[in-house]
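Please open the model in your viewer and keep the sequence panel beside it. We will go from one selection to the next, and at each stop you can check what is described against what you see.

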Amino acid sequence: MVQQTADLLMRTFRSIISAKRALGIAGLSAILIFCGLHPAHAERRVALVIGNSAYQNVAKLSNPANDSAAMAATFKEAGFDVVELKRDLKTSEMRRALRDFSDAARDSDVAIVFYAGHGIEIDGANYLIPTDAVLERDIDAFDEAIPLDRLLAVIEPARKLRLVILDACRDNPFVKSMKRTIASRAIGRGLAQVEPGSANTLIAFAAKAGSTASDGDGKNSPFTAALVKYLPKPGLDLRKAFGFARDEVLKSTGNRQEPFIYGSLGGEDFPLVAAVPVPAASNPGQAMRRDYELAERVATLEAWDLFIATYHDGFYAKLAQAQRNKLEAEQSRLAAIEKARLAEEERARLAAEGAKATTQAKAAADAKAAAKSAEEARAAAEKKTALGEARIAEVERAQAKAAEEARVAADKKQQNEAAKAAEVERSRLAQQTRLAEDARIAAENAKAVADAKAVRERLALERAKALAEVQVAEAARSKAEAEAKAEEDARVTAAKARAAEQAKAAEAERIRLAALAPAGAAAEDGKARGSSEDITRSLVSELRRVGCGSTAATDDWNVAAQKALAQYNKHAGTQFDVKVASLDALQSVRERPAGICPLVCEHGFEASGGKCVKIVCGKGYELSEDNACERVVRQKKEKPAPAAAAPKPRAAPAPEARQPEPARSRTAGGSMEARIAQCQLRAGGREGGGARNANRSFQRLDACLRGQ
């Protein structure tokens, strides 16, 4: 029986070696995998995915529909046997979907339920909310919502793994309007903590008990996006996948949302997607090892010869040669023992038959020689075995040394790579810091430039506005002066015409009277001349009384007297001819009270108490053309500007800066009207026309009124 088994193994080994020679190592490895290394039959896995977005009585959720579609696609790609996707389920539809899924979960090894939508916790119990729920009162949850225990009961028959994933910890809008039938009944924020009642059951919350989860700003919620990323990784245990998902959600939400898992699993890994096996053909050494193990099971010289003929060099080739030497020595030893045994049997037979002593001696000599040959064969076999073992030990030591050197080299390489990575990271951080500093400096410079530009624009606008206002004021003043001049010219022309008519009438009257009384003409003429001088003297005196003149009364109707009568016409509203001292003008002035005209004084004098008082300036001050005391300022010579410098635009003329005038003694008196008239007289009449002179006149008038 043993020989038949050895023959069968030998024939199998020959077939494999022949196939290897025909197909190569890859083909042989494939045959070996097909013969005994293929995986066992896959377990049955089912999943139910529910996404409720279109709620009828509260605001709709945007992501549950996308989350459910993503998770269903993940389960399908993972090779689940059944994946049922349900969206926007009402209460009756949700109960029906769970009932139908219970049939699929009954004979499954793995059963998973994923739910995305609204959930609520009432008195420590968790409920999933269908899209048609109203939840007017807290007790309505018993009829309109689905308890979490119902989902656990549906997946309970699964043999290896039961998993419920709830992305339902969102801020619940039903809580705000829900009425409590019992005041002490608690309605929690988020979902309540649960403890599964059976082994190998996990319940994953998007946020730990008592907290809410974010619906997210992207296509999927943060929790679902992390699950889709880590659950399908081949060979990754579910617990590690949920751990990686937790870290991802904490990072993306700024530690505001922490997923949590309730329940436990055993020591066996539960990957959603099995690890991909490494093809045997990719490792020729593994194929050589399998062939070596097969030759070792056959354990014949022919098998080892076939292996050595196939693999000429290498570790396993040397081991095969040592095994062949060991087997050959063992066979030689066994052959010697068998020969000695036969010689002993022959000697015994001859002794029993009474053979001759020579025959017996010969038999004994043969037995001795056979024993000696057997001993020599045994020693040779042991020597060969020792040599083979020494070679194997040497090879093993060499391999161990090479492995240690490779490990040290790998560690050194890893350290070098880590150092390089640290240096790269340091350089990257330094570069980021430099870039951030450059960006900050550039932003500050840009802000400074923008602020300076804004200030320049604002100043330019203010200058333009001031210039425009000055131009408008100057245009209005020029227009007013032109109109006043036109009126004055018209009034003077009319007065001249009336004076001429009056002179003609007086001359006609004189001629007529002379013709009527020729005898007394000379006397009357002298009397008239005396009367004219009296009128002139009286009119000058009266004009001085009413404040329209300052000169002493004389018989000469001079320029000062004419100016006094012009002031009277201006302030009294009359139109007497200023070139003639008429009786009508005298009678009109006599009828007026004092103070009709403001007192006008000459340069170096000012009105005070109805009189002109000389102005006395303090030390360091002198009397200006504006009849005001100004500080004597010695101006420094300015250096000539460079020829290349561009001329700056001239701003609007600013008021002339004057130092404050020291106090001087003045006699109280003078009405405000008189002061205004006096300031007007000082400000005007000394400069020609033009905007600059008008501006200076306005400044002088303002300074005079303020007492400067």
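Begin by selecting Leu151 in this predicted model, and then show whatever surrounds it: leaving aside its neighbours within four places in sequence, Leu151 is in contact with Leu98, Val113, Leu128, Ile146 and Val164. Leu151 belongs to the largest nonpolar core, which has 43 residues, and together with Phe101, Tyr115 and Leu166 it is among the four that touch the most other members. If you colour the elements that take part, you will find that E1, H3, E3, E4, E5, H5, E7 and E8 each supply at least two residues of this core, and that the largest share, six residues, comes from H3. Apart from this core lies another, of 35 residues, among them Met71, Val110, Leu236 and Phe270. As background to both selections, nonpolar side chains in soluble globular proteins tend to be buried together.

Next, select helix H3 (residues 91-106) and helix H5 (residues 148-155), which pack with their axes 8 Å apart and at an angle of about 25 degrees. An angle under 35 degrees counts as roughly parallel, and H3 and H5 are therefore roughly parallel to each other. To see the contact itself, show the side chains of Arg95, Leu98, Arg99, Phe101, Ser102 and Ala105 on H3, and those of Arg150, Leu151, Val154 and Ile155 on H5. Coloured by type, the residues of this contact divide into six nonpolar, one polar and three charged.

Now turn to the open sheet of six strands, whose order is E2-E1-E3-E7-E8-E9 and whose pairing is mixed. Which strands stand at the edges? They are strand E2 (82-87) and strand E9 (260-264), and each has a single partner strand, so one side of each is left without a neighbour in the sheet. Looking across the sheet, you can follow a twist that averages 10 degrees from one strand to the next.

Within this sheet, select strand E1 (residues 45-51) and strand E3 (residues 110-116), which run parallel and are joined by seven bridges; to find one of the pairings, look at Leu48, whose bridge partner in E3 is Val113. Two helices can then be added to the view. Helix H7 (residues 222-230) packs on the sheet and touches E3, strand E7 (161-167) and strand E8 (201-205), with a direction that makes about 145 degrees with that of E7. Helix H8 (residues 238-252) also packs on the sheet, touching E7, E8 and E9, but its direction makes about 15 degrees with that of E7.

Stay with E7 and ask how many of its seven residues are buried. Seven of the seven are, so E7 is largely enclosed by the rest of the structure. Both of its faces are covered, with Leu161, Leu163, Ile165 and Asp167 on one side and Arg162, Val164 and Leu166 on the other. E7 runs parallel to E3, to which seven bridges join it, and Val110 has Leu161 of E7 as its bridge partner. E7 also pairs with E8 in the parallel sense over five bridges, and here Ile165 has Ala204 of E8 as its bridge partner.

For the next stop, select the open sheet of three strands, in the order E4-E5-E6, where the pairing is antiparallel. Strand E4 (119-122) and strand E6 (146-147) stand at its edges, each with a single partner strand, so one side of each is left without a neighbour in the sheet. Strand E5 (residues 125-128) pairs with E6 over two bridges, and the bridge partner of Tyr127 in E6 is Pro147.

Continue along the chain into the loop between E5 and helix H4 (141-144), where you will find Leu135. Its phi is near 55 degrees, a positive value in a residue other than glycine, and at 1% relative accessibility Leu135 counts as buried. Compare Ala299, in the loop between helix H9 (284-298) and H10: its phi is near 60 degrees, again a positive value in a residue other than glycine, but at 37% relative accessibility Ala299 counts as partly exposed.

Finish with helix H10 (residues 301-310), which is mostly covered, since seven of its ten residues are buried; these are Leu301, Ala303, Trp304, Leu306, Phe307, Ile308 and Thr310.

Key:
Residues are numbered from 1 along each chain as its sequence is written. This is a predicted model: local features need pLDDT of at least 70, side-chain atom pairs count only at pLDDT 80 or more; totals for chains, interfaces and linings use all residues. Side-chain values use heavy atoms; hydrogens and water are left out. Axes are lines fitted to C-alpha atoms, for helices over the stretch in contact, and angles run from 0 to 180 degrees between N-to-C directions. Helices (H or I, at least four residues) and strands (E, at least two) are DSSP runs, numbered from the N terminus. Angles under 35 degrees count as roughly parallel, over 145 as roughly antiparallel, 65 to 115 as roughly perpendicular and the rest as oblique. Contact means heavy atoms within 4.5 Å. Ala, Val, Leu, Ile, Met, Phe, Trp, Tyr, Cys and Pro count as nonpolar, Asp, Glu, Lys and Arg as charged, and the others, Gly among them, as polar. Two strands pair if DSSP finds at least two bridges between them. Buried means under 20% relative accessible area, exposed over 50%, partly exposed in between (1.4 Å probe, protein chains only). A nonpolar core is a set of buried Ala, Val, Leu, Ile, Met, Phe, Trp, Tyr and Cys residues joined through side-chain atoms within 4.5 Å.
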